[in-house]
Amino acid sequence: MSGDTGGPDGSIDGGSGSGPGAVGGGSARSGIGGGARLLPFDPPGGPRAMAVWGIGVAVYFVAITYRTSLGVAGLDAAERFHINASALSTFSILQLLVYAGMQIPVGLLVDRLGAKKVLTLGVVLYTLGQFGFALSASYPMALGSRALLGCGDAMTFISVLRLGSRWFPARRGPMIAQIAALVGMAGNLVSTLVLARFLHTFGWTPTFAASAAGGIVVLIVLLAFLKDHPEGFEPPPAAAGHTGAGFVRRQIADAWREPGTRLGMWVHFTTQFPAMVFLLLWGLPFLVEAQGLSRGTAGELLTLVVLSNMAVGLVYGQIIARHHAARMPLALGTVGATALLWASVLSWPADHAPMGLLIALCAVLGACGPASMIGFDFARPANPPERQGTASGIVNMGGFTASMTTLLAIGVLLDATGDNYRIAFASVFVLEAVGVSQILRLRRRAARRERERLVVSRVEAVHVPA
């Protein structure tokens, strides 16, 4: 592993310390003489790993398509169900509430049952939810369908992270996670480009019902070809006492006790929600009603957010894989740029911000998703492999809790102020301030703990036979 140069955040520069086995669970690299050699328990990756992992990513892709489908149908949903802004925001709030509430249970399930079983259940649930949403004729039925969709969606990403850690060397962890998020954003692109057009052409029920077919396709492929791990890399059987409520409590407590897990959660909390809120529900109404754009132009700006996300994800993944000290500067830099652009748009003296400023805002919002993935790169080295699902669930709760809170705040403020989007979107700054304060509080403690665990893993690696 390359030198232990402390970065500005006190983290470790270089190396693959982000891998699930990098600390406590066995390092993927020996660190001797600067060379990188695979240990016997480090999966080799390769084409078969890409194929199996790709099935899991396809499941996640469909989940994102369903999750974000309401983002282009918000105005249609308000008209179909005769609801106001607060009621409209309840769709996404409920979906995210279920998603966030399921993260720790799903993490425990993945640690216990493996990725394939959890992904299978997730596909069944989100497909039923999307199909039910297509047939919903009443607001309560539509709410129930979105809740079911959120439950299935919650089971996908953590499972994909587990697949990556089981099939690829630990040093590939940051890039694999960013690529998974990138492909997921392509599902958002399908929503903004394809579903929006189909909705305008064919109407509500045919569009959402047809989209539910995607879930059926990935379910068949998943059942036929996906495997939890490569042959010869089976995880050890659960030890005595690794079952029951007591073990569950210990698993959660041990993951939460690690400063890296909590830091990862707050990084995810602070970075993800501005773009999530914009894409999931309020971006299109803001651009159309507050900025006076046509639906077509607003859709193009939403597409820009997605394309920016995909491009920035590749860049962030490469940077972090090579220079782990870049994690904190990238995360805080993204938060700062997001706050600056939102402040510029909302404080613009004229009624409508110039198009160039809106383009810049959407381009910066695209960096929020990749920045949120950095949260997993703080939690991953803090936890052994058998606790990765639980730790990932805790991290993933962060951004979705922030998104849920902001969705509700914007809806309530819009109703209370007569659709004043400037006041409503100012709630973004409150949550960013809370998140940044927690990041600054935890960063040094997490960096110190990570250095200590890295030293231990290096010593252990010397004694592992090649």
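**Entry 1: Serine 308**

I began with the surroundings of serine 308 in this predicted model. Leaving aside residues up to four places away in sequence, I found that serine 308 touches Cys362, Ala363, Gly366 and Ala367. Serine 308 itself sits in helix 12, which covers residues 295–322. I then looked up its exposure: the relative accessibility of serine 308 is 11%, and because buried means under 20%, I recorded this residue as buried.

**Entry 2: The chain as a whole**

I next turned to the overall make-up of the chain. The secondary structure consists of 18 helices and 0 strands. The chain has 466 residues, and 58% of them are buried. For the accessible surface I noted a total of about 17,200 Å², with 67% of this area belonging to carbon and sulfur atoms. I also looked up how far apart in sequence the contacting residues are. Of the contacts with a separation of 6 or more, 83% are between residues 24 or more positions apart.

**Entry 3: Confidence**

How confident is the predictor, on average, over the chain? I noted a mean pLDDT of 83, with 86% of the residues reaching 70 or more. Among the helices, helix 14 (residues 355–365) has the highest confidence, at 97, and helix 7 the lowest, at a mean of 81. I marked residues 1–40 separately, as their pLDDT is below 50; this stretch nevertheless has 121 contacts in the model beyond near neighbours in sequence. I marked residues 459–466 as well, where pLDDT stays under 50. For that second stretch the model has 11 contacts beyond four places in sequence.

**Entry 4: Salt bridges**

I counted 7 salt bridges in the structure, and I followed three pairs among them.

The first pair I examined joins aspartate 153 to arginine 67, with 2.6 Å between the closest N and O atoms. Aspartate 153 belongs to helix 5 (residues 139–153) and arginine 67 to helix 1 (residues 47–67), so that distant parts of the chain, 86 residues apart, are linked. Are these two charged partners buried or exposed? Aspartate 153 has a relative accessible area of 1% and is buried. Arginine 67 is likewise buried, at 4%.

The next pair is arginine 162 with aspartate 111, whose closest N and O atoms are 2.5 Å apart. Here helix 6 (residues 157–167) supplies arginine 162 and helix 3 supplies aspartate 111, and the two residues stand 51 residues apart. For arginine 162 I read a relative accessible area of 7%, which makes it buried.

The last pair I followed is arginine 327 with glutamate 450, where the closest N and O atoms lie 3.0 Å apart. Because arginine 327 is in helix 13 (residues 327–346) and glutamate 450 is in helix 18 (residues 427–462), this salt bridge ties together parts that are 123 residues apart in sequence. Arginine 327 is buried, with a relative accessible area of 0%. Glutamate 450 counts as buried too, at 9% relative accessibility.

**Entry 5: Cysteines**

How many disulfides does the structure hold? I found 0. I then looked up the exposure of two cysteines. Cysteine 151 has a relative accessible area of 16% and is buried. Cysteine 368, at 1%, is buried as well.

**Entry 6: Positive phi angles**

I looked for residues other than glycine with a positive phi. Histidine 82 is one of them, with a phi of about 55°. Histidine 82 occupies the loop between helix 2 (74–81) and helix 3 (85–113). Its relative accessibility is 72%; exposed means over 50%, so I recorded histidine 82 as exposed.

Aspartate 419 also has a positive phi, near 65°. Where does aspartate 419 lie? I located it in the loop between helix 16 (388–417) and helix 17 (421–425). Aspartate 419 is partly exposed, with a relative accessible area of 44%.

**Entry 7: A nonpolar surface patch**

Finally, I asked which residues make a nonpolar surface patch of about 360 Å². They are Leu193, Val194, Phe198 and Phe202. I followed leucine 193 further and placed it in helix 7, which spans residues 173–202. At 43% relative accessibility, leucine 193 counts as partly exposed. I added a reminder that helix 7 is also where confidence is lowest, at a mean of 81.

Methods: Residues are numbered from 1 along each chain as its sequence is written. This is a predicted model: local features need pLDDT of at least 70, side-chain atom pairs count only at pLDDT 80 or more; totals for chains, interfaces and linings use all residues. Side-chain values use heavy atoms; hydrogens and water are left out. Helices (H or I, at least four residues) and strands (E, at least two) are DSSP runs, numbered from the N terminus. Buried means under 20% relative accessible area, exposed over 50%, partly exposed in between (1.4 Å probe, protein chains only). Patches are made of residues with over 30% relative accessible area and no salt bridge: like charges are joined within 9 Å, nonpolar side chains (Val, Leu, Ile, Met, Phe, Trp, Tyr) within 5 Å. Accessible areas come from the Shrake-Rupley method with a 1.4 Å probe; for residues, only the protein chains shown count as cover. A salt bridge is a side-chain nitrogen of Lys or Arg within 4 Å of a carboxyl oxygen of Asp or Glu. pLDDT is the predictor's confidence in each residue, from 0 to 100. Contact means heavy atoms within 4.5 Å. A disulfide is a pair of cysteine sulfur atoms within 2.5 Å.
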